[in-house]
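Colleague: Could you take a close look at one part of this model for me? I'd like the place where the two chains meet, and then whatever you can say about the charged pairs.

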Amino acid sequence: MADGNPLSAFGVNQLIEATNFYGQQVFGNNVGWQRFTCYGSLDAIENRFILVHKYDTLYLNIYHTVDFEPLQIYARKAGAGQTTYLIYDSDAIPSGNTTILSIDLSANPGGFSVNPGDVYFVHFEWTNNSGSEMAIIQYVHELEASFWTTPSISTLTASTVINATYLNSIITPVRALRDLDTSTNFGFVGIRTNQYQAQSNTYLRWRLKRINKWLHIGARMINEGILRIYLNDQLIETETKATATTEDFVYLYNMDTIATDLGITAPTYGTDYEIKFRYSDNGAGSPFIRANFVWELPTP
Amino acid sequence: MSFTPIDPVEHTDSVTAATFNNIKTGIDKIYGILGTAAVNNAAIGNYEFGPNVPDNDQSIITFIHSCRYLLYEGDGVISDPSGVGADVAISDPETTSEVGEYDLESIDWLEYGMQYRVEGVEWCIEYEKGGYIL
């Protein structure tokens, strides 16, 4: 856009359409990401993470309280006959109960190379040197730091004369959002289990970012059992089912008012938080639970 | 702080300062969530094929549909949780490629924004190849 060029309503509507499109992409699909929980050592067959390559830094974050001796990370491109590469191999001593790794995929770690758009797999193996202590894989994603430039757009008044500088301050950040056009969307991992766990060591936990107004949680309970749901370890729901039937339960929370509604500390806007299910026995008859969904949406 | 879609300028309407300020508000909200680091999340394998403990048969993966293609591995079924849409079988891809690709636009009952389930596969992830032109 240059000074002196005419600005049409059509052009403005293109900006509006693109802003709405990306706004709905960023805000409209906020699904809980399973925090993978295990006890003791972890084998290759037990875990697999799938990525479509886009950014060069592979970011990994693991909660653990005892050393891994060693922690090993493997990667393999999808396809028959592809080689599995050991891309990280070291003892891991947790710092603040966490080990964080940033692996530069562009440096061909362990000989592994991947191109944009390639589907590849990552898995973890570790030997926990203290028996059956719990560990949680909290984050697995690619990232590129300082990728987005936060725009600085002036607020107009009715008397402001807009020029090319102003218009480009709007057009440039919208055009930059085209990076979202090539994207992936992970599904909600709906674990079905008959294992009873305590609040502290449940397998059933998901990470969300606080963005939308409405938190939706769904679960299927089969036969008799008690489901307790926690938000950042604060109890928000107790469901006691005393019949030998299969029933789906749906819970809806207004995240804007959940602090006063339930008397809890709500997560701050834009921060990550955790939803946990604790499932326990309430009688006889092969009880199972299946998590159906945990996600935030703009609508109830 | 949710995102509110911006109304387009209608035929014969004027483009006003308020129009631009609404665009600014929308852009600021988007970047407020994105932050500065770009992130590409991993999908996690179907828990049914995960740890031997806990007993995890019949675990499922549920999507809010937003990308056109489903990449997957293994035999499975795409189903409508409401029970209205007919199940769609997806089969294990060629052994040479390992990854199956299913065009979700071929499912007549599935619209963007809807939820659907994938059962039986080892893993799956939605993928968008691009093409939105600005």
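**The interface and the charged pairs**

Modeller: Sure, let's start with the interface: 97 residues of chain A are in contact with 73 residues of chain B. Keep in mind that this is a predicted model. The area buried between the two chains comes to about 7500 Å², and carbon and sulfur atoms give 62% of that.

On the polar side, the rule finds 28 residue pairs in polar contact across the interface of chain A and chain B. On chain A's side, helix α1 (residues 9-27) gives the most to the surface touching chain B, with 16 residues. Sorted by class, that side of chain A has 51 nonpolar, 30 polar and 16 charged residues.

There are also 3 salt bridges across the interface of chain A and chain B. In one salt bridge, the side chain of R48(A) meets that of E73(B), at 3.5 Å from N to O.

The backbone gets involved between the chains too. Strand β4 (residues 49-52) of chain A is joined by 2 bridges to strand β2 (residues 43-44) of chain B, and the two run antiparallel. I50(A) stands opposite A43(B), which sits in β2(B).

Now for a sheet within chain A. Here you get an open sheet of 5 strands in the order β2-β14-β19-β16-β17, with antiparallel pairing. Its edge strands are β2 (33-34) and β17 (234-241) of chain A, each pairing on one side only. Inside that order, 5 bridges join strand β14 (residues 205-209) to strand β19 (residues 272-281), both of chain A and running antiparallel.

R207(A) is a good residue to zoom in on. Its place is in strand β14 of chain A, and R207(A) stands opposite E274(A) in β19(A). Buried or exposed, R207(A)? R207(A) counts as buried, because its relative accessibility is 9% and the cut-off for buried is under 20%. A polar atom of the R207(A) side chain lies 2.7 Å from the backbone oxygen of Q138(A). Beyond neighbours within four places in sequence, R207(A) is in contact with a set of residues including W33(A), R35(A), Y139(A) and Y273(A), and also N41(B) from the other chain.

R207(A) has a charged partner as well: D272(A) forms a salt bridge with R207(A), with the closest N and O atoms 3.8 Å apart. This pair links distant parts of the chain, since D272(A) is in strand β19 and R207(A) in strand β14 of chain A, 65 residues apart. D272(A), for its part, is partly exposed, with a relative accessible area of 30%.

Stepping back, a search of the whole structure finds 15 salt bridges over all chains. Another one is K77(A) with D118(A), whose side chains meet at 3.3 Å, N to O. K77(A) lies in strand β6 (residues 68-77) and D118(A) in the loop between β8 (98-104) and β9 (119-128) of chain A, so the pair ties together parts that are 41 residues apart in sequence. K77(A) is partly exposed at 21% relative accessible area, whereas D118(A) counts as buried at 19%.

Then there's R220(A) with D248(A), a salt bridge at 2.8 Å, N to O. R220(A) is in strand β15 (residues 214-222) and D248(A) in strand β18 (residues 246-254) of chain A, so this pair ties together parts 28 residues apart in sequence. R220(A) is partly exposed, with a relative accessible area of 24%, and D248(A) counts as partly exposed at 39%. Finally, salt bridges that share partners join R35(A), R205(A) and E274(A) into one network.

How values were computed. Residues are numbered from 1 along each chain as its sequence is written. Chains are lettered from A and ligands numbered from 1 in the order in which they are written. This is a predicted model: local features need pLDDT of at least 70, side-chain atom pairs count only at pLDDT 80 or more; totals for chains, interfaces and linings use all residues. Side-chain values use heavy atoms; hydrogens and water are left out. Contact means heavy atoms within 4.5 Å. Buried area is the accessible area (1.4 Å probe) that two parts lose on being put together, summed over both. A salt bridge is a side-chain nitrogen of Lys or Arg within 4 Å of a carboxyl oxygen of Asp or Glu. A polar contact is a pair of N or O atoms within 3.5 Å; within protein, one must be able to donate a hydrogen and the other to accept it, and residues adjacent in sequence count only if both atoms are side-chain atoms. Helices (H or I, at least four residues) and strands (E, at least two) are DSSP runs, numbered from the N terminus. Ala, Val, Leu, Ile, Met, Phe, Trp, Tyr, Cys and Pro count as nonpolar, Asp, Glu, Lys and Arg as charged, and the others, Gly among them, as polar. Two strands pair if DSSP finds at least two bridges between them. Buried means under 20% relative accessible area, exposed over 50%, partly exposed in between (1.4 Å probe, protein chains only).
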